[in-house]
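Reader: Could you walk me through this one before I get back to the bench? I would like to go region by region and ask things as they come up.

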Amino acid sequence: MRKQFGMPEGEKLVNYYSCSYWKGRVPRQGWLYLTVNHLCFYSFLLGKEVSLVVQWVDITRLEKNATLLFPESIRVDTRDQELFFSMFLNIGETFKLMEQLANLAMRQLLDSEGFLEDKVLPRPVRPHRNISALKRDLDARAKNECYRATFRLPRDERLDGHTSCTLWTPFNKLHIPGQMFISNNYICFASKEEDACHLIIPLREVTIVEKADSSSVLPSPLSISTKSKMTFLFANLKDRDFLVQRISDFLQKTPSKQPGSIVGSRKASVVDPSTESSPAPQEVPEQPASPASPLSSRQSFCAHEVPTASQGLLKLFQKNSPMEDLGAKGAKEKMKEESWHIHFFEYGRGVCMYRTAKTRALVLKGIPESLRGELWLLFSGAWNEMVTHPGYYAELVEKSTGKYSLATEEIERDLHRSMPEHPAFQNELGIAALRRVLTAYAFRNPTIGYCQAMNIVTSVLLLYGSEEEAFWLLVALCERMLPDYYNTRVVGALVDQGIFEELTRDFLPQLSEKMQDLGVISSISLSWFLTLFLSVMPFESAVVIVDCFFYEGIKVILQVALAVLDANMEQLLGCSDEGEAMTMLGRYLDNVVNKQSVSPPIPHLHALLTSGDDPPAEVDIFELLKVSYEKFSSLRAEDIEQMRFKQRLKVIQSLEDTAKRSVVRAIPVDIDFSIEELEDLYMVFKAKHLASQYWGCSHTVAGRRDPSLPYLEQYRIDASQFRELFASLTPWACGSHTPVLAGRMFRLLDKNKDSLINFKEFVTGMSGMYHGDLTEKLKVLYKLHLPPALSPEEAESALEAAHYFTEDSSSEEALPQEEQEGSGSEDVQEKRGEEKGTSSPDYRHYLRMWAKEKEAQKETIKDLPKMNQEQFIELCKTLYNMFSEDPMEQDLYHAIATVASLLLRIGEVGKKFSVRTFRKPRDCATEEDEPPAPGPHHDAARELQPPAAGDPQAKAGGDTHLGKALQESQVVVEGGSGEGQGSPSQLLSDDETKDDMSMSSYSVVSTGSLQCEDLTDDTVLVGGEACSPTARIRGTVDTDWCISFEQILASILTESVLVNFFEKRVDIGLKIKDQKKVERQFSTASDHEQPGASG
């Protein structure tokens, strides 16, 4: 698979399936490969080959559908194409796996969490041949998520196994069929019939597990007793002995409880082993079975100091008037309490309560004020986390006190906006409690930190529970019940908004189109969903919806929202704009009342903004809930999760598109790429960043994306990734020299020296090569051969290294090239004289230079520093490699030979006019070591001719050829005076039939040397990376020689073929398309040709 699709070793195959891909109206039978990061398809049928590679992160739609054209097919959409696959053997399994992988990819885009194999899961002793470990992990992960969501369990809970069984329910004297689930801390039961019975038994509560005697009426029974004196009888268990052993194993690992709570057991019973073993290192006191247990048994937060540590704000601020004084409302409240107490007597109280349809009916009638905090903790699952983490909240408060961050600033700003109409938050006691809870949560979960709307929800939680209880309810809300709601981009709320739009189309089709036209849904859903109606409804009414939400989840919020739209359908259809619709809905919600509330009425600030002359009729909250269940109760939790997946694809891809547009807008106007080209480049750039995340080929921070950063900084690439992109997108292809040029471009663009570049820097570099006139392009090329682009390893002369760099040091290697090398100009020589021998002034000088460059946006060609001879040789080498693939290759070689020879002589002439402050003794030594100049001039001229057209040897040896040619050319112009042939005057007058230009055109390229030397050996290249120190010390680089950009520009302008080469337009769009095709895919055609070729 990796070879077929060009994947690296890091890519892991999850599973593969036989299916057909519909290309047009013709099905192509082949294999669908699902990897962790890609969906791939390959077919080779009747000589026709089809190969597809799609990244999961690019998928915008994934659904299973059945049409006349595509019977029972899976549709996969990306931004550019629609793909249909059908004829699966097991379409359900395939689609489920595709869903999981796409979901993981979206999660990765959202918060950079890639898929990791689950190390906790036990490896099967005899693994199935057809199931990979990855697929097993993904299946286990899906089951874990479903299990935790169904029973509202902590996020680290892992399902060990499940089995079918029956549960004896004493309240109706029946054996209810269902499934038993066992995990490391819980035994749970779910009936086959959705509302019949749900049960959660924490192992910390279990005292006895015993096998009772089997009978025909009750086969394989298992009895489980708890500390709250409840006994649960399971029967019809398939492998009872194994099950008891597993429960026993988990009980041994459960933190120890207080001794003496064990009742006697009959034969074949398993007594909780934790009572017999020695106490665990972290022994916790007797854990209460329900929130109603005495507070003394719980570790409360600063119970003696802060009143809110032990009770809710409502109890502190409400006058304790007896229920009799409240009349009918008080009687109704007392009846509710009595109903709940009867329910507790029949169904149990606390975590181990039987949860049935009757429980839901009681919740819908309204939870009494005195029990609200307790039942919220139970139904949300927050109670389980609180009792298993004693002291955690107090520790967080202690750690976070006095710490300042962006989150704490936002919290301070919003504290006094949290239910300001309620007396509990009109004084410092309530405000301080809210501050502590929000700050502690921001400290616990810095990914979320603090988000607007959290303050409103938390303030209501504090009314009905202590600070610690409110904290754990907030944890349950943010991390489990409303996933991704409270982050910087409120993704979860946008996902549920999409579901709401979809449900509006299904249930209220006549209203759906009007709502889309008005644009109302996006406005209402965020305020309704994020605050659970608390900000748009009177408090005493909204809190009833919160009751139902903690029992049923998001389903209730969606149902109520649909019921509100349904009740106002006629008025909404008559609205002309969004403002009118919002006002009308606002007024309706303000008049949703709770006539049974025993709390004093709290003025609703939202009502002041939406008051009108004729207020609408009052709506009873219980009536609204009843209607919502009657009309829209067909919604099921499983369906909502399925819809969430579909909407998450849309929302995250939409956010990615927004990010793309923001980044493109941030690109300066002087970048000449079109918007479409910039967007395409962004997608290529992003794909390269994500590839490092997939396959771990990047060891830098580029491998991890931080969504909290500005859009421009979220995706960054390192040098190796840039080299790959540069090679596929550059118009200056240089063959084997391309990676070297890419490295120089990366160093030039990496202004802050963090070894990473962002998209803006990337397109700046690309634009320099693609756009602008000849001067601008040459400026870029010129800068690529000066520091910091030219690294010390490439540019410093070995002789200089021998003098100044006696040992390897990273700081010394980073010294700018121009401070290490000689320069012909007077001012640079003087600077060198002043700064020689000190490293810190060098850095200060360049910092000043960079600061000056930043101030002056437009640099002129006069600002460019001069180039020494070694840098010039590197430039010529680059140009030679750049021309090697061009159709005008021979003309370009001839032209660059002319220009290079001319420039070498210009540098020589300039040397005579430069004032030398000193002459280094090593110059003499260098001259003495130089090889003698060639004899007669015509031999040198014959050797320095361009390579013959079509000479493959000449092309292959480009680097060697150019290095030797320049070396020989320098020898010609610099040769010792004793030889009589080397002086410039003699060279100029040697052949009367040639003028300067025609003579110099034969001065760079040496055919003769190419035919004699080993072309693949680069060791003779002056300034090359492979040069040995001895070769370079003995060599030919003149440290006093220099040339300016203006001289190079003027020389190139004399050759029209060079001007045409740099001014021709190259379409980057074609290169982007090619890059997308080739990015992870080898040429499959060549794979098929290999056997034939070898045969």
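**Sheet, helix contacts and loops**

Author: Let us begin with a pair of strands in this predicted model: strand β6 (residues 73–78) runs antiparallel to β7, and four bridges join the two. β6 and β7 form a hairpin, with three residues between them.

Reader: Which residue in β7 is the bridge partner of Arg-75?

Author: The partner of Arg-75 is Phe-84, which belongs to β7.

Reader: And is strand β7 largely enclosed or open?

Author: Strand β7 (residues 82–86) is largely enclosed by the rest of the structure, because four of its five residues are buried.

Reader: How many bridges does β7 make with β1?

Author: There are two bridges between β1 and β7, and the pairing is in the antiparallel sense. Within that pairing, Ser-20 stands opposite Ser-86 of β7.

Reader: What does the whole sheet look like, in strand order?

Author: It is an open sheet of seven strands, and the order reads β4-β3-β2-β1-β7-β6-β5, with antiparallel pairing. At the edges are β4 (48–55) and β5 (59–65), each of which pairs on one side only. From one strand to the next, the twist averages 30 degrees.

Reader: How many bridges join β1 to β2?

Author: Strand β1 (residues 13–23) is joined to strand β2 (residues 26–35) by 10 bridges, and the two run antiparallel. One of the partnerships pairs Lys-23 with Val-26, the latter lying in β2.

Reader: Where does Val-57 sit, and is it buried or exposed?

Author: Val-57 is placed in the loop between β4 and β5, and with a relative accessible area of 1% it is buried. Val-57 also lies 7.8 Å from Asn-37, C-alpha to C-alpha, although 20 residues separate the two in sequence.

Reader: Switching to helices, at what angle do α11 and α12 pack?

Author: Helix α11 (residues 406–414) packs against helix α12 (residues 428–444) at an angle of about 155 degrees, and their axes are 10 Å apart. That angle makes α11 roughly antiparallel to α12, since angles over 145 degrees count as such. The crossing in which α11 passes α12 is right-handed.

Reader: Which residues make that contact?

Author: On the α11 side they are Ala-407, Thr-408, Ile-411 and Glu-412, and on the α12 side they are Arg-435, Leu-438, Thr-439 and Ala-442. By character, the residues of this contact of α11 with α12 divide into four nonpolar, two polar and two charged.

Reader: What about α19 and α23, how do those two pack?

Author: Helix α19 (residues 554–567) and helix α23 (residues 621–632) have their axes 9 Å apart and pack at an angle of about 100 degrees. The two helices, α19 and α23, are therefore roughly perpendicular to each other, since that term covers angles from 65 to 115 degrees.

Reader: And which residues meet there?

Author: From α19 the residues are Val-556, Gln-559, Val-560, Leu-562, Ala-563, Val-564 and Asp-566, and they meet Leu-624, Leu-625, Ser-628, Tyr-629, Lys-631 and Phe-632 of α23. The residues of the contact of α19 with α23 divide into nine nonpolar, two polar and two charged.

Reader: I have my eye on a histidine, so where is His-343, and is it buried or exposed?

Author: His-343 is in helix α6 (residues 328–347), and it is buried, with a relative accessible area of 1%. If neighbours within four places in sequence are left aside, His-343 is in contact with Gly-348, Met-353, Tyr-354, Lys-358, Thr-359 and Leu-362.

Reader: Now the backbone: which residues other than glycine have a positive phi?

Author: Among them are Lys-173, with a phi of about 55 degrees, and Leu-532, whose phi is near 55 degrees.

Reader: Where do they lie, and is each one buried or exposed?

Author: Lys-173 is found in the loop between β8 (159–169) and β9 (174–183), and at 56% relative accessibility it counts as exposed. Leu-532 lies in the loop between α17 (520–530) and α18 (539–552), and at 1% relative accessibility Leu-532 counts as buried.

Reader: Last one: which residues does a cis peptide bond join?

Author: Pro-787 and Pro-788 are joined by a cis peptide bond, with omega at about 0 degrees. Pro-788 is found in the loop between α30 (774–783) and α31 (792–795).

How values were computed:
Residues numbered from 1 in each chain as written. Predicted model: local features only at pLDDT ≥ 70, side-chain atom pairs only at ≥ 80, totals over all residues. Heavy atoms only, no water. Axes fitted to C-alpha atoms, helices over the stretch in contact; angles between N-to-C directions. Parallel < 35°, antiparallel > 145°, perpendicular 65-115°, else oblique. Left-handed = near helix turned anticlockwise from the far one by under 90°. Contact = heavy atoms within 4.5 Å. Nonpolar A, V, L, I, M, F, W, Y, C, P; charged D, E, K, R; others polar. Pairing = 2+ DSSP bridges. Buried < 20%, exposed > 50% of the residue type's maximum accessible area, 1.4 Å probe, protein only.
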